[in-house]
Amino acid sequence: GNRRYYDNHNIDILKKVHFLLKEQGMTIKGVKKILNSKEPLKLDEMANNSIKADNLRNKLVKISKIVKNLKELK
């Protein structure tokens, strides 16, 4: 019924493509080269580091807002 089912491997590939295109600003041709190469570990490390940096940034923004709210209460 017009549904597509993806396994975990395909979902990981889609996440990597999204990361390289949107976060790293690569072209589709560049992404194809990386995905066809034999070095997936470096790509996984880049994606994980970017995700960790985003999580840290989000936490710092939340902490900053909390501190601002506490200062306003005084």
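Here is a walk through the structure, from overall confidence down to a few single residues.

Start with how far to trust what you see. This is a predicted model, and the protein chain has a mean pLDDT of 80, with 80% of its residues at 70 or more. Confidence varies by element: helix α2, residues 28-36, has the highest mean at 85, while helix α3, residues 40-73, has the lowest at 75. Where pLDDT is low, the predicted coordinates should not be read in detail.

Now the layout. The protein chain holds three helices and zero strands, so if you trace the elements from the N terminus you simply read α-α-α. Of the 74 residues, just 9% count as buried. The accessible surface of the chain adds up to about 7,100 Å², and carbon and sulfur atoms own 55% of that.

Let's take helix α1 next, residues 8-23. Its 16 residues reach 21 Å from first C-alpha to last, close to the 22 Å expected at 1.5 Å a residue. After α1 comes glycine 25, which has a positive phi, near 70°.

Two residues of α1 are worth a stop. Leucine 20 sits in this helix, and it counts as buried because its relative accessibility is 0%, against a cut-off of under 20%. Along the chain, leucine 20 and isoleucine 34 are 14 residues apart, and their C-alpha atoms are separated by 9.3 Å. Isoleucine 13 is also in α1, but its relative accessibility is 31%, so isoleucine 13 counts as partly exposed. Its counterpart here is leucine 35: the two are 22 residues apart along the chain, with 8.3 Å between their C-alpha atoms.

That leaves helix α3 and the outside of the model. What do Leu56, Leu60, Ile63 and Val67 form on the surface? They make up a nonpolar patch, with about 360 Å² of accessible area together. The numbering has a helical rhythm worth keeping in mind: an α-helix has 3.6 residues a turn, so residues three or four places apart point the same way. Leucine 56 of the patch is placed in α3. Is leucine 56 buried or exposed? It counts as exposed, because its relative accessibility is 52% and the cut-off is over 50%. Do keep the confidence values in view while looking at this part, since α3 is the element with the lowest mean pLDDT, 75.

Notes:
Residues numbered from 1 in each chain as written. Predicted model: local features only at pLDDT ≥ 70, side-chain atom pairs only at ≥ 80, totals over all residues. Heavy atoms only, no water. pLDDT = per-residue confidence, 0-100. Helix = DSSP H or I, 4+ residues; strand = E, 2+ residues; numbered from the N terminus. Patch = residues over 30% accessible without salt bridge, like charges linked within 9 Å, V, L, I, M, F, W, Y side chains within 5 Å. Areas by Shrake-Rupley, 256 points an atom, 1.4 Å probe, with all protein chains shown as cover. Salt bridge = Lys/Arg side-chain N within 4 Å of Asp/Glu carboxyl O. Buried < 20%, exposed > 50% of the residue type's maximum accessible area, 1.4 Å probe, protein only. Expected span 1.5 Å × (residues − 1).
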